[in-house]
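Got the model open in your viewer? Let's walk through it together, one selection at a time.

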Amino acid sequence: MSYPKSEPTPTGPSAMPIEVLLVDDDERWSEILASDLEREANLKVTVALSANEALMTLQERSSIECVVADYVMPEIDGLQLLERVREERSELPFIFFTGQGSEDVASRAINAGISDYFTKDPTVDQTPLLVNRIIQAVEQRRLQRDLEASEERYRTITEQIWDGIVILRNDRVLFCNERFTKVTGYDAENMADRSFVRTAIHPDDRAAVNDALQTARSGNANGDVFEARLITDTDELRECEYTIQTVPFENDTAQVVSVRDVTESKRRQRSLRRERELNRSVRTALVKARNRSDLEHRITALLSESGYELAWIGETTDDSIQLRRVAGTARYLDRVTLSVGAGAPTGEPSIWTARTGDPKFVADISEMFPTTWRDLAMECGFGSAAALPLCHNGVRYGILAVYHAESNAIDESERELLTELSETLAFAIHHAEVKKALSAPTVVEAELELTGPSHYLTDLVSESAPDVAAAELTVHGTHRHTDALTMQYITLSNVPIDRFVAAAETHPVVEKTTAIDENNPPRIQLAVTEAPPELKLTTRAAVVGTSTVRSDRAILRVELPSERALSDAVAALEDEHGDLSVRSKITSTRPESAHDWGSPVEAADLTEKQSAALQAAYLHGYYEQPRERSATEIAESLGIAHSTYLQHLRTAQQKVFKHIYESTPERQARTAE
């Protein structure tokens with residue numbers, strides 16, 4: 001396993017913070033110490049709860065400049081971690097901070113290259129001391145690194161930067177340069193007077209290279225580039241491009257062969273082709289999938305067919321990961337424990353992802369510290385692995401995990417591909433869950449009440465009509481406009497529009513205020529930078545009706561498919577907005593006709609932008625006669641191009657009309673009646 005080398009870092013008052021990796025299995029103590037260190041100085045502290053997690057963090061984060069590790073940890077102690085890190089980054093400052101120690105441990109740590117070592121004292125605040133040790137160690141390393149970088153720049157300028165060069169006479173090597181030695185492993189002394197073709201060219205390509213050399217010797221070479229596989233001194237296969245020129249040499253001629261290693265370029269081209277093919281297959285799966293289960297089955301099958309030994313999707317419960325879909329070799333899953341509680345297997349990527357919510361990639365499983373998980377993964381034939389969260393709009397839908405037989409198979413381009421796939425899959429699952437909720441046979445209608453300053457609109461009512469008891473706002477529509485902005489459409493009741501606009505324009509979360517209609521009742525469009533409660537409810541398959549907002553409370557009206565969905569929605573809002581109560585709740589069965597018919601807008605399957613365009617047109621009076629606002633004015637209020645807005649609006653209208661007039665024969669008959 002190799003770690004990316006960090007670049008020289010500027011020092012001084014305006015320098016970036018020193019990034020520190022704190023390694024300790026005591027999670028509570030680590031979080032407290034990390035917080036204390038960041039308060040004490042310009043430090044950014046990342047916590048790792050095991051040696052393996054520390055290795056992965058160092059592999060992925062070249063910006064780490066110092067490691068602070070406990071000596072006593074389960075399975076792998078701090079000294080073993082130190083010795084492993086020193087194999088790859090001997091220069092990285094490494095400090096022991098432990099509650100136990102001895103002269104023997106200190107001696108071994110010094111021999112292994114420890115930067116500093118001292119013992120925890122619970123009776124003394126040692127944070128300033130530790131901060132001082134970290135800063136001293138890092139600044140010393142920065143000075144050394146700057147010196148090394150200066151020397152490296154000089155060497156780079158003076159080194160040979162051309163292609164590998166071989167000079168041949170009758171296929172016998174007269175000379176080869178250093179670049180050729182780097183590519184092939186053969187040096188000038190070993191190659192002298194040897195056959196270039198028989199020594200370095202793949203057997204299947206020798207005839208073609210011999211023909212090219214013969215053409216060059218006859219004086220007919222045209223300098224064209226051709227490809228042939230090259231075998232290195234260690235029997236590694238490299239894909240190379242060649243050009244041949246004939247030059248005078250000692251009353252005869254010689255052939256100058258230029259060799260360029262294009263192995264990596266070819267690999268990237270193959271990777272791009274695979275990415276295009278997989279993306280095409282994913283799009284097909286998204287279109288053809290009937291429901292979430294079918295979608296997950298198709299995606300895991302595609303990953304298995306594209307080269308992964310195992311691919312699965314699971315859901316995280318309170319203490320474990322429950323499998324939903326599996327494709328490929330499943331015997332590993334029969335033996336591994338997918339527990340997210342205490343005693344979870346060290347190293348399993350899905351456990352890390354379930355705990356942190358972040359994607360985890362293991363490039364080479366064999367280079368991890370020996371643990372029960374690593375041994376099982378290797379026994380099952382896995383060389384690399386990855387786990388990615390399936391998350392959309394802050395809602396976690398599960399975990400996607402993949403395992404490959406080859407080490408280092410999940411490179412940077414593959415990571416990007418898997419990340420994009422997981423995001424697309426999460427959105428598709430969200431979409432499937434919403435459709436399922438909208439077609440559920442039962443519906444729970446509820447009124448939720450948020451009290452206190454839990455909604456930004458309560459602030460605006462208080463500021464614009466502080467002494468009016470009947471002052472209130474009604475929220476008619478909410479949609480996500482961009483990743484950073486949410487649009488809300490409101491009407492005012494007993495609230496002066498001029499005072500409301502003035503209050504909105506100075507509120508920290510309001511980006512833009514547009515008066516749609518200043519008559520009675522006044523209508524306002526607000527663009528805000530925070531996600532209001534109405535938007536968060538839509539991410540949980542809720543159909544959000546109107547909201548009523550006063551100076552001390554907000555009442556939200558929603559429809560959800562079940563009691564469980566209502567409970568989850570209430571819990572999510574309470575976590576962020578505080579005091580919330582359910583004012584009323586009615587559970588009913590949808591009429592049979594509703595299952596077939598439903599809302600045309602919902603059933604038309606609009607995208608977020610199409611739905612937003614249609615909603616904006618209606619609320620801005622675009623469909624009134626005469627029109628209250630033109631498409632140009634609505635587009636300007638939304639901050640988008642007129643043509644873009646019209647494209648979304650026309651597509652939305654076409655989908656809705658198609659649903660009404662071109663659906664099933666039964667519906668057409670009902671329409672005719």
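**A helix with a salt bridge in it**

Keep in mind that this is a predicted model. Start by selecting Arg-298, which is partly exposed, with 26% relative accessible area. Now add Asp-294, which is buried at 9%. The two side chains meet in a salt bridge, 3.3 Å from N to O. Both residues sit in helix H11 and are 4 residues apart, so about one helical turn separates them.

**From the helix to a strand**

Stay with H11, which covers residues 292–305, and pick Arg-292. Is Arg-292 buried or exposed? Its relative accessible area is 6%, so Arg-292 counts as buried. Next, bring up Glu-315, the salt-bridge partner of Arg-292, at 3.5 Å from N to O. This one reaches out of the helix: Glu-315 lies in strand E11 (residues 310–316), so the pair ties together parts that are 23 residues apart in sequence. Glu-315 itself is partly exposed, at 31% relative accessibility.

**Into a pocket**

Leave Glu-315 on screen. Along with Val-395, Arg-396, Arg-540 and Asp-568, Glu-315 is among the lining residues closest to the centre of the second largest pocket. That pocket holds about 1100 Å³ of space, and 29 residues line it. To see where the walls come from, colour E11, helix H13 (349–356), strand E15 (395–404), helix H15 (412–438) and helix H19 (563–577); each of these supplies at least two lining residues.

**More charged pairs**

Side chains of opposite charge can pair when their charged atoms come close. How many salt bridges does the model have? The count comes to 28. For another one, select Glu-236 and Arg-238, whose closest N and O atoms are 2.9 Å apart. Glu-236 is partly exposed, with 39% relative accessibility. Then try a group: Glu-447, Glu-449, Asp-552, Arg-553, Arg-557 and Arg-583 are linked in a network of salt bridges. Showing these six side chains as sticks lets you trace the network.

**Over to a parallel sheet**

Now jump towards the start of the sequence. Here 5 strands make an open sheet, ordered E2-E1-E3-E4-E5, with parallel pairing. At the edges you'll find E2 (43–48) and E5 (116–119), each pairing on one side only. On average, neighbouring strands of the sheet are turned by 20° against each other, direction ignored.

Zoom in on E1 (residues 18–23), which pairs with E2 over 6 bridges. Which residue in E2 is the bridge partner of Leu-21? Click on Thr-46 and you have it.

Then add the helices. H1 (residues 27–40) lies across E1, E2 and E4 (94–98), and runs at about 170° to E2. H3 (residues 78–88) lies across E1, E3 (64–69) and E4, at about 175° to E4.

**Zoom out**

Finally, show the whole protein as a cartoon. You're looking at 25 helices and 23 strands. Of its 673 residues, 45% count as buried; Arg-292 and Asp-294 from your early stops are buried too. As for how the chain meets itself, take the contacts between residues at least 6 apart in sequence: 61% of them join residues at least 24 apart.

Key
Residues are numbered from 1 along each chain as its sequence is written. This is a predicted model: local features need pLDDT of at least 70, side-chain atom pairs count only at pLDDT 80 or more; totals for chains, interfaces and linings use all residues. Side-chain values use heavy atoms; hydrogens and water are left out. Two strands pair if DSSP finds at least two bridges between them. Axes are lines fitted to C-alpha atoms, for helices over the stretch in contact, and angles run from 0 to 180 degrees between N-to-C directions. Contact means heavy atoms within 4.5 Å. A salt bridge is a side-chain nitrogen of Lys or Arg within 4 Å of a carboxyl oxygen of Asp or Glu. Buried means under 20% relative accessible area, exposed over 50%, partly exposed in between (1.4 Å probe, protein chains only). On a 1 Å grid over the protein atoms alone, a cavity is a set of points where a 1.4 Å probe fits but cannot get out, and a pocket is an open set with protein on both sides within 12 Å along at least five of seven lines; lining residues have an atom within 4 Å of a point. Grid points are joined across faces, edges and corners, and a volume is the space filled by probe spheres set on the points.
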